[in-house]
Amino acid sequence: MATRGYEKALSMLKTLPRVGLFNIAPNPGFVKPSKRGRGQHGGDKHGAGNKGSKARQNYMRTGYETSLRPYYLSFTHEPYYLGHHLKRQYPPLSLGQLQLMIDTDRINAEKPIDLVQICNTGLYKINPQCKHYGVHLTDEGADSFKAKVNIEVQWATEPVIAAVERNGGTITTAFFDPPSLFALTNVKKFLESGEPIPKRMIPPEDAISYYTDPKMRGYLADPDQVSWERLVLAQKYGYSLPKIEEDPNYEMLTLRKDPRQIFYGLEPGWVVNLIDRIILKPTDPELQEYYKG
Amino acid sequence: MDKFSCITRLFPTGTSDCGRIFGFRICRPSGSSIGSCRGVKSSSTLEEEPLPEENNTLEEDNVQKLRDISRLKPWHRNIANRIVPSEEKTQPFHFTTLYNKRLFGRYGYASGVNPSVCWPTKAQLDDKKEYERVAYPYSILEVAEREKLKNEEKECELFERDAKVAANVKSMQKLKEEYLKKKEIKRQEAEAAKAFRTRLIEEVRLHFNYTVNEREEQFKLEVKERAKQLKEKEKKDRKLNKKEKQALEKAAKFEREKEKLREAEEAKKLAEQSLKDD
């Protein structure tokens, strides 16, 4: 005979303990209200630890150094450093070093030399993030400089120009804006980023007089004036100017970049892929126009 | 992977007993074997029934797997070996332009990326153009012209200043003398004032007839009074002087008139005499 449900329940109840406050569960949905804490985070220490100057957060006012003379006041005002952090820097490379690079086959003098070649030697480093704007070719070792080169630097002085041109070489001073410098200083990294080659922007106002000066062989100077100045400099320094028109390497020596161009043989807007060994050129007329102008 | 066939035979193929196997540098596989190469996320290919030709390569793959003790994730190992990192794009960054550009730059067409992502979109191009318009508002010629003008202005300013200095140098001697004279007069005045004061103090001291502290109230008062007296005296003297002067002037005037009258009389006499003579 099957026992009924309530009978079973009653028999169970007989053995179960009595219902009391100590064993009943709260009503469904009941949430015990938390006690109200004192302060913003319930009276805790706000992450400042226990006692002491740190807990009280008694920070000194900025610049105060517990009765010492504050560091920022311990030196007098030095206005000659005004704008120092914004000045363009050209890390130096001497003609002697350049000659050594050529002699040790770090640089091929049979091809035009620019920042790419110099950086690829691994002996010269520039960092565009530190306001480095390229090579300053210095005249150290100018007397023993014998190479005939077509070199493009970012800063050069008169004796350096004379030393290069005396050997039948040519020199140009060219400005590159920081984005182009990033591409020039680490070409592999730049090409692997898949970015199209940027166009070179114009130099800032305080540099334009240098880069348009035919005496400094600026890349924006009139070529006729430059050839005239070559002659003038030869007379000033007392050497006979070798005729580069009759040179077998005439084309190499007179190869120049367009003011918008940053790599020899590559135009702005092109994408170069090293793996597939291909060059991709933009076909959109708007893009073409942008990269041209 | 054929390169490694000779190397793999040197090692026992049993997996459990061989223990540690030193890893070899893995060459980049040719394009066709990318999918089946180890490291790529494709475990399903291993489970498939291998063809007899592929049997050898599968074995090699297993060996390579054992050799690799780098504990790199497959996608990281791929990056290190310059293989396209993963087949399926799941993460949000997989769909960014920057990532896809880099994929194409690093792996070429094997990455499966359309190279058109490399160039800026229409909106990006407009943005670039606007940036250039703001950052480089002038052309090279215009910038050169502006710089030239600026330099000229600076030179002009210098020239003007030089001219001004040259003009000032001419009158410098005169101005210098004037200044020195003024200075001398000032010095003399100061000296006189000092002398007056010392005299005053001395007089007062005589008046008291004994050495008195200069800071004493009585002494100070006396000095003040004395100064007042002296000033009054001076004033009086000046007045007297003025009066004397005026008197003298008056006398001189009187004298002059007298002289005139006398001259007139003499002239009259002379005239009368000449008439008589005629």
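Reader: I'm scrolling through chain A. Where does K131(A) lie?

Author: K131(A) sits in the loop between α4 (115–120) and β2 (136–138) of chain A. Helices are DSSP runs of H or I with at least four residues, strands are E runs of at least two, and both are numbered from the N terminus. Before we go on: this is a predicted model, where local features need pLDDT of at least 70, side-chain atom pairs count only at pLDDT 80 or more, and totals for chains, interfaces and linings use all residues. Residues are numbered from 1 along each chain as its sequence is written, chains are lettered from A and ligands numbered from 1 in the order in which they are written, and side-chain values use heavy atoms, with hydrogens and water left out.

Reader: Okay, what is phi of K131(A)?

Author: The general idea: most residues other than glycine have a negative phi. In K131(A), phi is near 60 degrees, so a positive value in a non-glycine residue. R217(A) has a positive phi too, near 55 degrees, and belongs to the loop between α8 (205–211) and α9 (223–237) of chain A.

Reader: And is R217(A) buried or exposed?

Author: The cut-offs go by relative accessible area: buried is under 20%, exposed over 50%, partly exposed in between (1.4 Å probe, protein chains only). R217(A) comes out at 2%, so R217(A) is buried. K131(A), at 32%, counts as partly exposed.

Reader: On to chain B. How many helices and strands does chain B have?

Author: Chain B has 9 helices and 0 strands. Of its 278 residues, 19% are buried.

Reader: How do I read the packing of α8(B) and α9(B), and at what angle do they pack?

Author: Fit a line to the C-alpha atoms of each helix over the stretch in contact, then take the angle between N-to-C directions, from 0 to 180 degrees. Helix α8 (residues 172–208) of chain B meets helix α9 (residues 217–277) of chain B at about 120 degrees, with axes 9 Å apart. That angle makes α8(B) oblique to α9(B); under 35 degrees counts as roughly parallel, over 145 as roughly antiparallel, 65 to 115 as roughly perpendicular and the rest as oblique.

Reader: Which residues of α9(B) make that contact?

Author: Contact means heavy atoms within 4.5 Å. On α9(B) they include F219(B), V223(B) and L230(B), and on α8(B) F196(B), L200(B) and V204(B) are among them. By class, the contact of α8(B) with α9(B) has 9 nonpolar, 2 polar and 6 charged residues. Ala, Val, Leu, Ile, Met, Phe, Trp, Tyr, Cys and Pro count as nonpolar, Asp, Glu, Lys and Arg as charged, and the others, Gly among them, as polar.

Reader: What area is buried between chain B and chain A?

Author: Buried area is the accessible area (1.4 Å probe) that two parts lose on being put together, summed over both. Here that is about 2,600 Å², with carbon and sulfur atoms giving 61%. Each chain brings 29 residues to the contact. On the chain B side, W119(B), Y136(B) and I140(B) lose the most area to chain A, together 25% of what that side buries.

Reader: How far apart are the axes of α11(A) and α6(B)?

Author: Their axes are 12 Å apart, and helix α11 (residues 285–292) of chain A packs with α6(B) at about 25 degrees. That makes α11(A) roughly parallel to α6(B). Y290(A) and Y291(A) are among the residues touching, as are L125(B) and K129(B). This contact of α11(A) with α6(B) has 4 nonpolar, no polar and 6 charged residues.
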